[in-house]
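Please walk me through this model in the viewer, one selection at a time. For each stop, say what to select and what is found there.

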Amino acid sequence: MVATTRVFVLEDDARTRDSLLRKLAASASIEIAGAAGSLADARAALSGLGVDAFLFDLQLPDGNAIDLIREQRAERPKAPALVISVFGDEERVIAAIEAGAQGYLLKDDSGEDLADAVHRAIAGESPISPAIARHLIRRFQATPNTTEPASENPLSERELEVLQLAAKGLTYQETAETLGVSINTIGTYTRRVYQKLAVTSRAQAIFEARQMGWMGDDQ
Amino acid sequence: MTSDDARDATTPMKRVLRYSAYGVLYVAMPLIVLAVLYVVDQPYNVPSAYRVQPTEWVRSFSETPPTNGWSDDTSRWPPGRQDGEPFTSVWYRYTVSERLDTPTLYIPYGFGNFEIWQSGTRLYQLAAPVPPLAYSRTSIAVPLRDGDVGARIEVRLTRQASYSGVRYVFVAPADLAARDASDQALFETQLPIAVLVLMLGFAAAVGAMFALRPKEKHYGWYALTIGLWAAHSIHGLIEAIPFAHFVWFALRYVLLTWLIAELFFVNRYFGIRAPRLEWFCAAVNAIITLGLIAVASIAAASLENEARFFASFTVVNLWFLLLAFIVTSRYFIAVRKRWDFESVSLWLASAVVIGIGIRDLAYEAMPPGTIPGSVFYLQYAAVVPLILFGIQLIRRFARDARTAELRNEALNQIVEERTTALERTYQQLSEEAQKRALAEERSRLMRDMHDGLGGQLVHALALSEQVDDADLKRALRLALDDLRLIVDSLSPTANSLQDLMASYRHRVSRLLQRTGFDVNWDIADETDSVTLKPNEALSVLRIVQEAVTNAVRHSGGDTLQIAVARVADGLQLTIRDNGAGMPESVVERGLRNMRVRAAELGAGLNISSTSGDTAVTMHLPLAGGAPAT
């Protein structure tokens with residue numbers, strides 16, 4: 001039996017937060033490290049706190065959680081950050097992943113799903129939706145064409161295959177079966193993809209986001 | 001010979017030869033014309049044998065032929081008007097010397113007011129001798145009462161001028177007189193009227209052109225020149241002068257001095273710049289004009305002054321001659337510059353005009369019969385170059401107008417093209433703006449759904465967990481699922497049907513796995529090239545969701561196939577299960593919901609439900625037909 005995982009939850013809607021905490025607490029392997037409804041509260045609560053994983057809602061009354069994700073990735077590099085979202089494919093989730101988040105959860109996921117996702121994240125796996133996969137493919141395929149010297153880590157053929165199957169909506173299991181490898185290998189591939197994405201320069205991320213029209217500003 | 005050749009001939013010898021050739025040509029042209037005139041021009045149709053000379057004359061103001069005072073000194077013309085007399089009045093007596101069948105007194109060129117009497121009866125009177133007197137240039141042909149040899153005829157001549165001579169008087173057969181009279185009328189009346197009309201026509205036309213294009217100064221000078229000629233030519237058609245005759249002469253000459261306009265015109269027409277010459281000529285003209293007016297006003301004082309007045313006309317005539325040569329020199333400059341048909345023909349025409357002018361002067365100055373003919377030709381000849389110019393001006397104007405019209409057309413066409421392009425650009429821009437507004441609106445809606453509706457549904461779902469109401473929970477979850485479909489259909493990153501199906505698959509895979517169904521996804525790669533509008537995408541997703549939900553809930557089977565295939569003219573979606581078949585009510589309801597959505601898409605929908613094989617098949621035609629790839 002492994003030690004319980006200490007999870008910190010940031011969600012501004014009290015009912016939803018309670019629901020999430022209740023579902024997580026139901027799992028024996030999860031321990032609630034803390035919870036907050038705003039960035040300020042979260043920062044106050046997190047100081048000196050032992051945390052193994054984060055669940056972050058992004059849109060908060062006092063701002064966007066992306067900066068907090070970046071801070072916590074620097075402060076607690078071993079603790080994966082997961083975004084909690086209603087849809088999982090919104091632009092803010094992708095922005096959060098670029099900031100270092102390792103995946104997302106749906107707010108209405110069941111308790112088992114939530115706990116499962118947290119454990120997988122700690123194990124290095126990254127949940128990936130077709131929308132995110134499509135975005136990643138474009139990002140890495142566009143790299144050689146840009147003038148930015150950034151990405152010295154283009155995707156390997158295998159990593160690209162995994163992304164392409166994910167973009168078609170296949171689950172890890174289905175992808176593993178299609179490629180004839182174990183499901184763990186698929187997890188490794190996706191983790192590497194996320195890591196490669198994280199090291200691409202912030203400037204390029206902004207550039208790409210602009211190209212995709214995800215920044216919401218005028219082009 | 002072209003102008004290039006003319007310029008190339010630069011050696012002195014060649015130049016001498018060339019100018020000699022010009023000179024010969026210039027002199028030859030009028031000589032040829034004059035030679036032709038000399039041969040063809042007869043003095044009158046009436047042979048000189050019929051010409052009669054006066055036998056006696058008497059200076060008298062008597063209203064009837066005087067009975068005494070007759071003089072037979074016919075070696076000179078009798079004296080004209082004396083100081084104190086209102087006008088010249090002389091009676092001449094002629095005698096019939098030959099017996100004729102139809103004896104007619106014929107005066108071909110009557111220059112004054114005539115009365116003709118025979119045997120105490122007046123046969124003809126142009127007008128009563130009351131000042132101002134008639135100034136007739138028409139011919140007079142009067143049948144005689146008595147044509148016997150020795151019969152006497154009295155002719156009274158009254159004139160304002162002091163000159164009293166009558167050059168030509170015939171007693172001839174009526175038919176000869178009539179024929180000559182008609183020729184005289186042609187040359188002295190009908191032709192001048194025709195030329196006058198022609199000149200006024202050109203003056204009006206070019207005057208109008210000048211009004212349209214005031215920058216083309218030569219139009220104005222031309223209209224002035226030909227207008228002045230027209231005005232001057234009227235004097236030959238007027239019967240009664242409204243002024244003293246020397247005033248009339250002075251007016252005519254003042255008018256003529258302003259023909260200097262022709263110099264201004266020709267300079268501008270040929271593009272010759274000679275401002276100093278123009279100023280000089282204008283100044284001389286002004287002096288001559290003022291001089292004429294001054295002398296005319298002095299002339300009224302006495303007959304001696306009047307004689308001096310007419311003598312001063314020699315100076316004016318010399319000036320006109322000089323002016324004519326100056327104008328001709330312009331033509332010559334033009335010939336050297338251009339050497340084209342137009343300049344050469346004008347130059348030679350001007351030579352002919354000068355030649356004829358000299359002939360007319362000689363005809364008037366020399367004794368009768370020295371120069372053949374009976375007509376002054378200058379009035380016609382001088383008009384020829386002007387008419388040639390006029391034709392050329394009108395042609396140029398028409399050509400310029402045509403060019404302008406063509407340019408205008410070209411310009412219009414360009415404007416039209418630019419307008420179309422502008423409209424197209426504007427349309428594209430507004431389409432772009434619309435697209436952008438649409439995209440902005442859509443992303444606003446998406447944000448609202450994410451931040452608002454989505455969060456609220458999750459919140460409601462969390463609430464429903466507390467009250468533990470399964471129906472409420474299911475309803476909320478359905479709402480959330482439908483919202484997710486809407487979000488998927490509006491996603492800016494999901495461009496193809498394959499992307500849409502991928503999102504749907506990702507969303508439902510885990511749920512379907514839990515139901516225990518063995519799901520067989522078969523999404524053809526070709527669907528990657530099929531893009532749907534958001535509303536179409538939503539309808540497709542809802543139909544698929546409805547079919548899948550029905551299969552999972554009601555079929556009781558364990559295998560589900562979800563297939564999207566590219567067919568010849570569109571797409572085929574199939575959701576098939578191996579269950580026991582759906583209850584009739586479900587089939588009906590499902591059919592109804594899905595039909596409505598399929599109808600919105602313009603798709604065909606078919607549900608076949610037999611035990612062990614239930615299939616919902618939708619056929620969605622695509623506008624593009626088979627994909628390009």
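Which residue in S13(B) does B:Arg576 stand opposite? Select B:Arg576 and look across to S13(B): the residue there is B:Ala615. Keep in mind throughout that this is a predicted model.

**The sheet around that pair**

Widen the selection to residues 570–577 and 613–621 of chain B. These are strands S11 and S13, which pair in the antiparallel sense over eight bridges. Now add the rest of the sheet. It is an open sheet of five strands in chain B, ordered S9-S10-S11-S13-S12, and its pairing is mixed. Its edges are S9 (518–523) and S12 (604–610) of chain B, each of which pairs on one side only. On average, neighbouring strands in this sheet are turned by 10 degrees against each other, direction ignored.

**Two helices across the sheet**

Keep the sheet displayed and select residues 497–515 of chain B, which form helix H13. H13(B) lies across S9 and S10 (559–567) of chain B and runs at about 175 degrees to S9(B). Next select residues 534–555 of chain B, helix H14. H14(B) lies across S10, S11 and S13 of chain B, at about 15 degrees to S11(B).

**From H14(B) to H12(B)**

Leave H14(B) selected and add H12(B), residues 470–490. The axes of H12(B) and H14(B) come within 8 Å and cross at roughly 140 degrees. That angle makes H12(B) oblique to H14(B). The crossing of the two helices is right-handed. To see the contact, show side chains for B:Leu485, B:Ile486, B:Asp488, B:Ser489 and B:Leu490 of H12(B), together with B:Pro534, B:Ala537, B:Leu538, B:Leu541, B:Arg542 and B:Gln545 of H14(B). Sorted by class, this contact of H12(B) with H14(B) has seven nonpolar, two polar and two charged residues.

**Where chain B touches chain A**

Show both chains. The contact between them takes 28 residues from chain B and 23 residues from chain A. On the chain B side, the elements that give two or more residues are helices H11 (383–467), H12 (470–490) and H13 (497–515). H11(B) gives the most to this side, with eleven residues. By class, the side of chain B that touches chain A has twelve nonpolar, eleven polar and five charged residues.

**Into chain A**

Select residues 5–10 and 30–36 of chain A. These are strands S1 and S2, paired in the parallel sense over six bridges. Within this pair, A:Thr5 has A:Ile30 in S2(A) as its bridge partner. To follow the chain from S1(A) to S2(A), add helix H1 of chain A (residues 14–25): the β-α-β crossover through H1 is right-handed.

**The other sheet of chain B**

Return to chain B and select residues 88–95 and 152–159. Strands S2 and S7 of chain B pair there in the antiparallel sense over eight bridges. Pick B:Trp91: its bridge partner in S7(B) is B:Arg156. The sheet that holds these strands is open, with five strands of chain B in the order S1-S2-S7-S4-S5 and antiparallel pairing. S1 (56–59) and S5 (121–125) of chain B are the edge strands, each pairing on one side only. Neighbouring strands here are turned by 20 degrees against each other on average, direction ignored.

**Two helix pairs to finish**

Select residues 217–233 and 245–257 of chain B. Helices H4 and H5 of chain B pack at an angle of about 165 degrees, with their axes 9 Å apart. H4(B) and H5(B) are therefore roughly antiparallel to each other. H4(B) passes H5(B) in a left-handed crossing. The contact is made by B:Leu228, B:Ala231 and B:His232 of H4(B) and by B:Arg252, B:Leu255 and B:Leu256 of H5(B).

Last, select residues 303–338 and 341–365 of chain B. The axes of these helices, H8 and H9 of chain B, come within 8 Å and cross at roughly 160 degrees. That makes H8(B) roughly antiparallel to H9(B). The crossing of H8(B) past H9(B) is left-handed. Residues that meet here include B:Tyr331 and B:Phe332 in H8(B), and B:Leu346 and B:Trp347 in H9(B). By class, the contact of H8(B) with H9(B) has eleven nonpolar, four polar and one charged residues.

Technical notes: Residues are numbered from 1 along each chain as its sequence is written. Chains are lettered from A and ligands numbered from 1 in the order in which they are written. This is a predicted model: local features need pLDDT of at least 70, side-chain atom pairs count only at pLDDT 80 or more; totals for chains, interfaces and linings use all residues. Two strands pair if DSSP finds at least two bridges between them. Helices (H or I, at least four residues) and strands (E, at least two) are DSSP runs, numbered from the N terminus. A crossover is right-handed if, with the strands pointing away from the viewer, the path from the first strand over the helix to the second runs clockwise. Axes are lines fitted to C-alpha atoms, for helices over the stretch in contact, and angles run from 0 to 180 degrees between N-to-C directions. Two residues are in contact if their C-beta atoms, placed from the backbone, lie within 7 Å. Ala, Val, Leu, Ile, Met, Phe, Trp, Tyr, Cys and Pro count as nonpolar, Asp, Glu, Lys and Arg as charged, and the others, Gly among them, as polar. Angles under 35 degrees count as roughly parallel, over 145 as roughly antiparallel, 65 to 115 as roughly perpendicular and the rest as oblique. A crossing is left-handed if the near helix is turned anticlockwise from the far one by less than a right angle, and right-handed if clockwise.
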